[in-house]
Amino acid sequence: MLNRVRSAVAHLVSSGGAPPPRPKSPDLPNSTSAPPAAPPQAPRSPPARAGSGSAAPARTVEARASFCRPTFLQLSPGGLRRADDHAGRAVQSPPDTGRRLPWSTGYAEVINSGKSRHNEDQACCEVVYVEGRRSVSGAPREPSRGQGLCFYYWGLFDGHAGGRAAEMASRLLHRHIQEQLKDLVEILQDPSPPPLCLPSTPGAPGSSDSSHLVGPQSCWSSQKEVTHESLVVGAIENAFQFMDEQMARERHGHQVEGGCCALVVVYLLGKVYVANAGDSRAIIVRNGEIIPMSREFTPETERQRLQMLGFLKPELLGGEFTHLEFPRRVQPKELGQRMLYRDQNMTGWAYKKIELEDLRFPLVCGEGKKARMMATIGVTRGLGDHNLRVCSSTLPIKPFLSSFPEVRVYDLTQYEHCPDDVLVLGTDGLWDVTSDCEVAATVDRVLSAYEPNDPSRYTALAQALVLGARGTPRDRGWRLPNNKLGSGDDISVFVIPLGGPGSYS
């Protein structure tokens, strides 16, 4: 058993229960239904077609048809073939046709060097209108676009064990955010503090007078302060949860296997909200200063949360894993000896007497990019992965994978930004080989070569970052200028300008 777990790798099976249901988000279309009205955009790049001739096996046809790239790239069938070429690894960016992404956002991507059959990253960039569901008073709202809100949206989705989850999230997550904001339209436009309760619809459950249920005033009855900002954060968090639950419901009918990390930016009412679930990252480069806007969620960074869950619910470990961490794997000959360890409450190390259950495989093992949870997966937050099991086992991994993002907020109105101030989003293919300081140096080098009002400068910067992480082909693979290995992973980068003409209003 222990040897089997030691060599475990990600394995998907079709069985497995869904997580406990939550109330379904109302009015949200299924992944197969037509989305609500959105700003006009080019058609999604068509899936690459199987070659003509004899019919290919259904599995092959399905795998090829699953390959698609972001709509805004506007790739022709030939462009799709080039984008899917592992040998050439051509960098893809939106065409310079004068129709640019919002805020003149720059984008570039490149496929992996053979790690997976297709590029499993996906991206989305949208302007989304939110019309309120009802007024704060509870009266039906008259349809009027002048009463709604618009938010700008960017999303990077890094798929694993297939690209279906990333593709689904790229199409629907912003719709979930839109749905969660519908009840907040008037509240966010009102400078007064948010109401504690929203009035219910007449005749609905809970609409009758319940004042007799309210107890006497006490010293604990003061109301907590809730800000508008925290309402937006809560809406984004709920949207991630509903997206994950939709994947669970539709994973069989639509073959949404695998999962994806999600890094999302929402600009609303002067503030930028950066939500991250996974190991993608975002930083702001402002006047040469680096401001981290996310952190990576890996078995190492979330060790204590994982260990606490294993401690509180040992049945999730299936008798195969221990929630304790040791500096290395415990050997049977070390039974009775004292060895360094740490548990869910510890950041430091201490000694304990080795017992029989300590011989189980550790819940968290390995270091750096080789760190794995349950010897299977290297990330601890994201969307999907509802079918993921420990290899050759029925032990589910999903209970340890959280779909909740960490949301960080940046107030654009608090600073005077220049055209060289940017927010850089990248999947782990960028950050595996590039440091924050190297990104900031590239920002300075590339942008200084363009006029401040040249909108193409941000696409050039995104391309430079992708090329710098990919490297150039040599005899021993893709190499960086210092001869170190370049990133063999899919690489996707957004560069969002924070200042200058036409950035935001």
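These legends accompany close-up views of a predicted model of a protein chain.

**Figure 1. The whole chain, before we zoom in.** Let's start with the overall make-up: the protein chain has ten helices and 21 strands. Its length is 505 residues, and 50% of them count as buried. Among contacts with a separation of 6 or more, 71% are between residues 24 or more positions apart. The views that follow pick out a few places in this predicted model.

**Figure 2. Strand 2, covered on both faces.** Strand 2 spans residues 106–110, and five of its five residues are buried. Gly-106, Ala-108 and Val-110 lie on one side, Tyr-107 and Glu-109 lie on the other, and both sides are covered. The neighbour to look for here is strand 21 (residues 491–497), which runs antiparallel to strand 2 and is joined to it by five bridges. To find your bearings in the pair, look for Tyr-107, whose bridge partner in strand 21 is Phe-494.

**Figure 3. Strand 10, with one buried face.** In strand 10 (residues 338–341) the side chains alternate between two faces. Met-339 and Tyr-341 share a face and are buried, whereas Arg-338 and Leu-340 point to the other face and are not buried. Strand 11 (residues 350–353) pairs with strand 10 in an antiparallel arrangement, through four bridges. Within this pair, Tyr-351 of strand 11 stands opposite Leu-340.

**Figure 4. Thr-427, a buried loop residue.** Thr-427 sits in the loop that links strand 18 (422–426) to helix 8 (428–431). Is this threonine, Thr-427, buried or exposed? Thr-427 counts as buried because its relative accessible area is 0%, and the cut-off for buried is under 20%. Leaving aside residues up to four places away in sequence, Thr-427 touches Asp-121, Leu-156, Asp-158, Ser-280, Asp-490, Ile-491 and Ser-492. For one of these neighbours there is a distance to look at: a polar atom of the Thr-427 side chain lies 3.1 Å from the backbone nitrogen of Ser-492.

**Figure 5. Thr-413, an exposed loop residue.** Here the view moves to another threonine, Thr-413, in the loop between strand 17 (406–411) and strand 18. Thr-413 counts as exposed because its relative accessibility is 54%, and the cut-off for exposed is over 50%. The side chain of Asp-411 makes a polar contact of 2.6 Å with the side chain of Thr-413. Leu-269 also belongs in this view: Leu-269 and Thr-413 are 144 residues apart along the chain, and their C-alpha atoms are separated by 9.5 Å.

**Figure 6. Glu-406 and its neighbours.** Glu-406 is part of strand 17. Which residues does Glu-406 touch, not counting those up to four places away in sequence? They are Val-274, Ala-275, Asn-276, Ser-294, Arg-295, Phe-297 and Arg-381. The C-alpha atoms of Glu-406 and Val-274 are separated by 8.0 Å, although the two residues are 132 residues apart along the chain. Closer along the sequence, look for Arg-408: its side chain makes a polar contact with the side chain of Glu-406 (3.3 Å).

**Figure 7. The second largest cavity.** A search of the whole structure turns up two cavities of 30 Å³ or more. This view shows the second largest cavity, whose volume is about 40 Å³. Going round its lining, you will meet His-160, Cys-260, Ile-377, Val-379, Arg-381, Gly-382, Leu-383, Gly-384, Asp-385, Lys-398 and Leu-401. Sorted by class, the lining has five nonpolar, three polar and three charged residues. One of the lining residues, Arg-381, is also touched by Glu-406.

**Figure 8. Two loop residues with a positive phi.** Most residues other than glycine have a negative phi. Gln-74, in the loop between helix 2 (58–65) and helix 3 (77–83), has a positive phi near 50°. Gln-74 counts as partly exposed because its relative accessibility is 36%. Asn-287 also has a positive phi, near 55°, and lies in the loop between strand 7 (281–286) and strand 8 (289–292). With a relative accessibility of 73%, Asn-287 counts as exposed.

Key:
Residues are numbered from 1 along each chain as its sequence is written. This is a predicted model: local features need pLDDT of at least 70, side-chain atom pairs count only at pLDDT 80 or more; totals for chains, interfaces and linings use all residues. Side-chain values use heavy atoms; hydrogens and water are left out. On a 1 Å grid over the protein atoms alone, a cavity is a set of points where a 1.4 Å probe fits but cannot get out, and a pocket is an open set with protein on both sides within 12 Å along at least five of seven lines; lining residues have an atom within 4 Å of a point. Grid points are joined across faces, edges and corners, and a volume is the space filled by probe spheres set on the points. Ala, Val, Leu, Ile, Met, Phe, Trp, Tyr, Cys and Pro count as nonpolar, Asp, Glu, Lys and Arg as charged, and the others, Gly among them, as polar. Buried means under 20% relative accessible area, exposed over 50%, partly exposed in between (1.4 Å probe, protein chains only). A polar contact is a pair of N or O atoms within 3.5 Å; within protein, one must be able to donate a hydrogen and the other to accept it, and residues adjacent in sequence count only if both atoms are side-chain atoms. Contact means heavy atoms within 4.5 Å. Two strands pair if DSSP finds at least two bridges between them.
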